[in-house]
There are 2 protein chains.
Amino acid sequence: MPTSSRISRDRRHGHHRNGVVSTGSRGLIVAVTAILVQAVPAARGLQTDPLPSWNDGASKRAIVAFVERVTKSGSPDFVTPAERIAVFDNDGTLWAEQPLYFQVLFAVDRVRALAPKHPEWQAKEPFASLIKGDTKAALAGGEHALMEIIAAAHAGVSTDEFQVIVKDWLATARHPATGRPYTKMVYQPMLEVLAYLRANGFKTFIVSGGGVEFMRAFAEETYGIPPEQIVGSSGVVTFDLSTGTPRLMKQAKVEFVDDGPGKPAGINRFIGRRPIAAFGNSDGDLQMLQWTAAGQGPRFALYVHHTDAAREWAYDRASHVGHFDKGLDEAKAKGWILVDMKTDWKVIYP
Amino acid sequence: MPTSSRISRDRRHGHHRNGVVSTGSRGLIVAVTAILVQAVPAARGLQTDPLPSWNDGASKRAIVAFVERVTKSGSPDFVTPAERIAVFDNDGTLWAEQPLYFQVLFAVDRVRALAPKHPEWQAKEPFASLIKGDTKAALAGGEHALMEIIAAAHAGVSTDEFQVIVKDWLATARHPATGRPYTKMVYQPMLEVLAYLRANGFKTFIVSGGGVEFMRAFAEETYGIPPEQIVGSSGVVTFDLSTGTPRLMKQAKVEFVDDGPGKPAGINRFIGRRPIAAFGNSDGDLQMLQWTAAGQGPRFALYVHHTDAAREWAYDRASHVGHFDKGLDEAKAKGWILVDMKTDWKVIYP
């Protein structure tokens, strides 16, 4: 009989091998054992379920299987920690994006707040419609109109001032449908994926079409992702010493659009390594997933499919935001993980 | 008498307090003690001198004093590890840069290697002069000529192919004056600063005018700085699926110049936090040092001054590379650390 078995049997019967514990202590031992029996499954549950907000299904199992595969020392699929790069889209992947990208809602609020200082906007679209309260008409001008609004809302201040402006907005603004602060419209199941990956030696990055400075105002606190691990779109910033104090001034000029084919370019520029795992939700993420999946060795590509009209929104091919058409077809063709929000997620928000 | 003193005195006399070691073992004890006496100062030296290649002087003391100041728990100057961002210029700060930036020497070699595929270069400057072997005439065209050479040498290949090309060049090319591989012309004292900062919770970044993909080919192995912590100049890269396999193709078009006022802009874009320590050697680093030094709380700004014509090169205000004029004046005016390579550094290269 192996020693360990003998010890445990001795203990079960209230004996300690060294004879220090007498049979008279049996009552105490039984009580302690009862507590331990209750405690062990709970402790084990914490260890074995890193994704408690995910229903048990193919998506959850695929995430866990991938992490176990690349972290198993000695396995041919083992990936060194330095190469465990995981990239996440933000809008629609880590937080909601309806009825419009939250950064657009910020820009709309900001343009309205700035309007008194810009009388010329009264006669100039898309600003005139925005100021009248007609966001839909303002955005009818398409991407060009959107970029004008974004530029106007993001320029003319220093980077330090901009951080304060965004933080103030996030602290006070509420989502028109849910009434929640925007930072409380992050997806709890995805927060668990971020934490699970980091606990397994991954470095998590955001790679989003959103503005890099906008995201930095909340990503560290909300997602645990530090500023230097955020890749995003950006406007030109210029160094200014005219006041005697160095400042970085935000210009009304687009510098880089981190969307679609811009995402692998942004990954190359900012990260310089090919990720082994990528998470998105729209056609804007397709090239990022293609780039990730085409690397050698184990790869993971996951799309969040917005299927839950009751708890969140249901949209894909026809949506004006989070347009998901080619990506949906390619995910199915290539066997990428397609998260069904309605059935895969126990909860949506924290 | 404290217990420890008594024990050591007992040991010195060849007695063990428990009586296990008899006086007959004295010969052995004396021998062991002699070894220990020799070993202890060496071990202590390792602990207390993180910068053994630096002569004891104001520069070394300032580096150590700053690190101790920001890492001392409970001190008003304590900086949380997340904010311990240190940025380093590369050319002239971490490795040599004479007679030309090493990346220019790479580009010259590359243009010559590519010349047979580009008959049109025979009649086009700056290429014609380069192919004839007259680098000086080719570079007489100034920054425009230089950028044309850089673009030609860096474009038309995928990012993956480019990594191989640079690594092959670094493995075989030798410096015209020293005969060393370029990666053996890094500064040993600066390698020690990098390691010392990291050992104290700093995250070390390169912020260089050099090409980001060029530096990534050697920075991790040479400096211990991973790709995602390298900020540099870049060319446009485009995502290409025309072969069926996703590739990132390098274009002959400048995207971002990470030099001068571009350095704080690059820091903002890539890192998103203001560094607390910055290291440079030329006017191209001045705005980075200004930006770093102007932050609140403890700040550290250091310039390497190339003063050693015998072991390296001596140059500053009149140099065509590493031009150091306004920066030299400002360093003196603001009391930034000015490393005198000749007197501060015991050795130059590893």
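Me: How many residue pairs are in polar contact across the interface of chain B and chain A?

Reply: A polar contact is a pair of N or O atoms within 3.5 Å; within protein, one must be able to donate a hydrogen and the other to accept it, and residues adjacent in sequence count only if both atoms are side-chain atoms. Across this interface the rule finds 18 such pairs, both residues at pLDDT 80 or more. This is a predicted model: local features need pLDDT of at least 70, side-chain atom pairs count only at pLDDT 80 or more, and totals for chains, interfaces and linings use all residues. Residues are numbered from 1 along each chain as its sequence is written, chains are lettered from A and ligands numbered from 1 in the order in which they are written, and side-chain values use heavy atoms, leaving out hydrogens and water.

Me: Which element gives the most to the side of chain B that touches chain A?

Reply: Helices (H or I, at least four residues) and strands (E, at least two) are DSSP runs, numbered from the N terminus. Elements giving two or more residues to that side of chain B include helix H8 (159-172), strand E3 (230-240) and helix H12 (262-271). H12(B) gives the most, with six residues.

Me: How many salt bridges does the rule find across the interface of chain B and chain A?

Reply: Look for a side-chain nitrogen of Lys or Arg within 4 Å of a carboxyl oxygen of Asp or Glu. The rule finds 10 salt bridges between chain B and chain A. One of them joins B:Glu228 to A:Arg273, with the closest N and O atoms 3.1 Å apart.

Me: How much area do chain B and chain A bury between them?

Reply: Buried area is the accessible area (1.4 Å probe) that two parts lose on being put together, summed over both. Here it comes to about 2,900 Å², with 53% on carbon and sulfur atoms. In chain B, B:Glu228, B:Phe239 and B:Arg269 lose the most area to chain A, together 24% of what that side buries. The contact (heavy atoms within 4.5 Å) takes 35 residues from each of chain B and chain A.

Me: Is B:Asp285 buried or exposed?

Reply: Buried means under 20% relative accessible area, exposed over 50%, partly exposed in between (1.4 Å probe, protein chains only). B:Asp285 is buried, at 1%. You will find B:Asp285 in the loop between strand E5 (277-280) and H13 of chain B. Its side chain makes a polar contact with that of B:Lys263 (2.6 Å). Beyond its neighbours within four places in sequence, B:Asp285 also has contacts that include B:Asp89, B:Thr93 and B:Tyr303.
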